[in-house]
Amino acid sequence: MLVVDDEASLRAALTYNLRREHYAVETASDGEEALDLALTSDPDLIILDLMLPGMDGLDVCRQIRRRSSVPILMLTARDDEIDRVVGLEIGADDYLTKPFSMRELIARTRAMLRRRQLLRAEVAASQQDANVIEAAGVRLSIPDRSVEVDGHPVQLKPKEFELLAFLMRHAGHVFSAERLIERVWGYAPTSDTRTVAVHVRSLRTRIEDDPSNPRRIQTLRGVGYRFVP
């Protein structure tokens, strides 16, 4: 696991508490060091502060996403939703706003790692079954994590791919944001669900002909989301 924060006291607190949970932890205090460690040590998860000296957290996240699907939990001290939205849109899997409780961070960390293990097991099983899902002009291949829309390849971020795969596996069924948080992100269903709306909106820009009038991923107001086959 890689912890990236320029505040020494917080970095030390995170390292101490994560090691108490028996996680191996490496640390970085700036963006350049973080990027180097992310690409050379292959961590299972990255806890990444948004505000860093030199290369900031958004740039680090963007660079990592070009080469890795490692789960990224972004930390931000800003009380500004646009920063969180941008972070999610460029590839962060989730975020926590400072100040946060260490218990919440540990819970998020466990859930993200558990979800990654489950995905690895699903991929291993699907490699034997050649698991490919096709519906509504979308072809999604689980083994190589590729997507085509109307015959054209589409690049999705890791969590967008997982969300689409889940919805397509259960095409026609409606899932609340809370249920998606539980099934796709692996968190308790009472967690903040705004990340679901951000990922759905981003996913629509990639697979819908008209994202403002989606025909594949539909919203049932007050109920949830469904993939229409």
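The following exchange concerns two residues and a pocket in a predicted model.

Biologist: Why is Ser-202 called buried?

Modeller: Ser-202, whose place is in helix H8 (residues 194-207), has a relative accessibility of 7%, and because buried means under 20%, Ser-202 counts as buried.

Biologist: What makes the pair Ser-202 and Glu-160 a polar contact?

Modeller: The side chains of Ser-202 and Glu-160 are joined at 2.5 Å, and since a polar contact requires a pair of N or O atoms within 3.5 Å, that distance satisfies the cut-off. His-173, by contrast, is 29 residues from Ser-202 in sequence and 21 Å away in space, C-alpha to C-alpha.

Biologist: Why is Arg-11 said to have no salt bridge?

Modeller: Arg-11, found in helix H1 (residues 8-20), is buried, and the nearest side chain of opposite charge, that of Asp-5, is 5.6 Å away; because a salt bridge needs a side-chain nitrogen of Lys or Arg within 4 Å of a carboxyl oxygen of Asp or Glu, the pair Arg-11 and Asp-5 does not qualify.

Biologist: Which atom of Asp-5 does lie 2.6 Å from a polar atom of the Arg-11 side chain?

Modeller: That atom is the backbone oxygen of Asp-5. Leaving aside neighbours within four places in sequence, Arg-11 is in contact with Asp-5 and also with Val-3, Asp-6, Thr-27, Ala-28 and Ser-29.

Biologist: How do you know which residues lie nearest the centre of the largest pocket?

Modeller: Of the 14 residues that line the largest pocket, Arg-65, Arg-66, Leu-156, Lys-157 and Pro-158 lie nearest its centre. Helix H3 (57-65) and helix H6 (158-169) are the elements that give two or more residues to this lining, and the space in the pocket is about 340 Å³.

Methods: Residues are numbered from 1 along each chain as its sequence is written. This is a predicted model: local features need pLDDT of at least 70, side-chain atom pairs count only at pLDDT 80 or more; totals for chains, interfaces and linings use all residues. Side-chain values use heavy atoms; hydrogens and water are left out. Helices (H or I, at least four residues) and strands (E, at least two) are DSSP runs, numbered from the N terminus. Buried means under 20% relative accessible area, exposed over 50%, partly exposed in between (1.4 Å probe, protein chains only). Lys and Arg count as positive and Asp and Glu as negative; His and the chain ends are not counted. A polar contact is a pair of N or O atoms within 3.5 Å; within protein, one must be able to donate a hydrogen and the other to accept it, and residues adjacent in sequence count only if both atoms are side-chain atoms. Contact means heavy atoms within 4.5 Å. On a 1 Å grid over the protein atoms alone, a cavity is a set of points where a 1.4 Å probe fits but cannot get out, and a pocket is an open set with protein on both sides within 12 Å along at least five of seven lines; lining residues have an atom within 4 Å of a point. Grid points are joined across faces, edges and corners, and a volume is the space filled by probe spheres set on the points.
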